[in-house]
Amino acid sequence: MSQAFSYKSYHTPVYRKALEIFKLSRAMAVHFTQDKHVLEMGFSACPKDRYAGYLVNESLQLAPGVASVVSAKNYGSRLERIRKIRKASKSLKTLCRNLEFSGVRESEFLGLLKKEIHLFDKMIADWIQQLRKA
């Protein structure tokens, strides 16, 4: 049986941080939407619920994206995959801002998530430097 992603990708700090961001965004979305399912969030009439659903979906892309970078065969493919991760990260920041403007009262949760995303962005930048040297 072949593995889709390299075993070593699961041990990188960037991968673990991506998982943390997903877990945090999922917990926040459940809290903000009174325990709605992600599919329900996307079809809700309430903008706050929709943004929360989008937040979960975007954060779900980070960990597999990191694993795909590790398993990429050439440098160009790695850079393209990193570009997609950065795009998802930027989208997460925008969704946090949208949630703030939609009336989420628990701004300390959003502040924590934004801090984690910022740290993730720094880790990605450092990781890119390591990939360039390799």
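This passage walks through the packing of one predicted model, from its core to its largest pocket. Since it is a prediction, local features need pLDDT of at least 70 and side-chain atom pairs count only at pLDDT 80 or more, while totals for chains, interfaces and linings use all residues. Residues are numbered from 1 along each chain as its sequence is written, and side-chain values use heavy atoms, with hydrogens and water left out.

Start with the inside. In soluble globular proteins, nonpolar side chains tend to be buried together. Here the largest nonpolar core holds 31 residues; such a core is a set of buried Ala, Val, Leu, Ile, Met, Phe, Trp, Tyr and Cys residues joined through side-chain atoms within 4.5 Å. "Buried" means under 20% relative accessible area, "exposed" over 50%, and "partly exposed" in between, with a 1.4 Å probe and protein chains only. Leu55, Leu62, Leu113, Phe120, Ile124 and Trp127 touch the most other members of this core. Helices H1, H4, H5 (75-101) and H6 each supply at least two of the core's residues, and the largest share, nine residues, comes from H6. (Helices, H or I with at least four residues, and strands, E with at least two, are DSSP runs numbered from the N terminus.) There is also a second, separate core of five residues, with Ala29, Val38, Met41 and Ala52 among them.

H4 (62-71) is a good place to look at packing. Eight of its 10 residues are buried, so H4 is largely enclosed by the rest of the structure. The buried ones are Leu62, Ala63, Gly65, Val66, Ala67, Ser68, Val69 and Val70, and their cover includes H1, H3, H5 and H6. Leu62 alone, leaving aside neighbours within four places in sequence, is in contact (heavy atoms within 4.5 Å) with Ala18, Ile21, Ile85, Ala88, Ser89, Leu92 and Phe120. Leu60 sits in the loop between H3 (47-59) and H4, and this residue is partly exposed at 46% relative accessible area.

What about Ser89, one of the contacts of Leu62? Ser89 belongs to H5 and counts as buried because its relative accessible area is 1%. Its side chain makes a 2.5 Å polar contact with the side chain of Asp121, a residue of H6. (A polar contact is a pair of N or O atoms within 3.5 Å; within protein, one must be able to donate a hydrogen and the other to accept it, and residues adjacent in sequence count only if both atoms are side-chain atoms.) Beyond four places in sequence, Ser89 also touches Leu62, Ile117 and Phe120, while Asp121 is in contact with Ser89 and Lys93.

Finally, the empty space. The largest pocket has a volume of about 190 Å³. On a 1 Å grid over the protein atoms alone, a pocket is an open set of points where a 1.4 Å probe fits, with protein on both sides within 12 Å along at least five of seven lines; lining residues have an atom within 4 Å of a point. Of the 12 lining residues, Thr12, Val14, Val70, Trp127 and Gln130 lie nearest the centre. H6 gives the most to this lining, with five residues. Val14, in H1, is buried at 5% relative accessibility, and among its contacts more than four places away in sequence are Val66, Met123 and Trp127.

Methods. Points joined across faces, edges and corners; volume = space filled by probe spheres on them.
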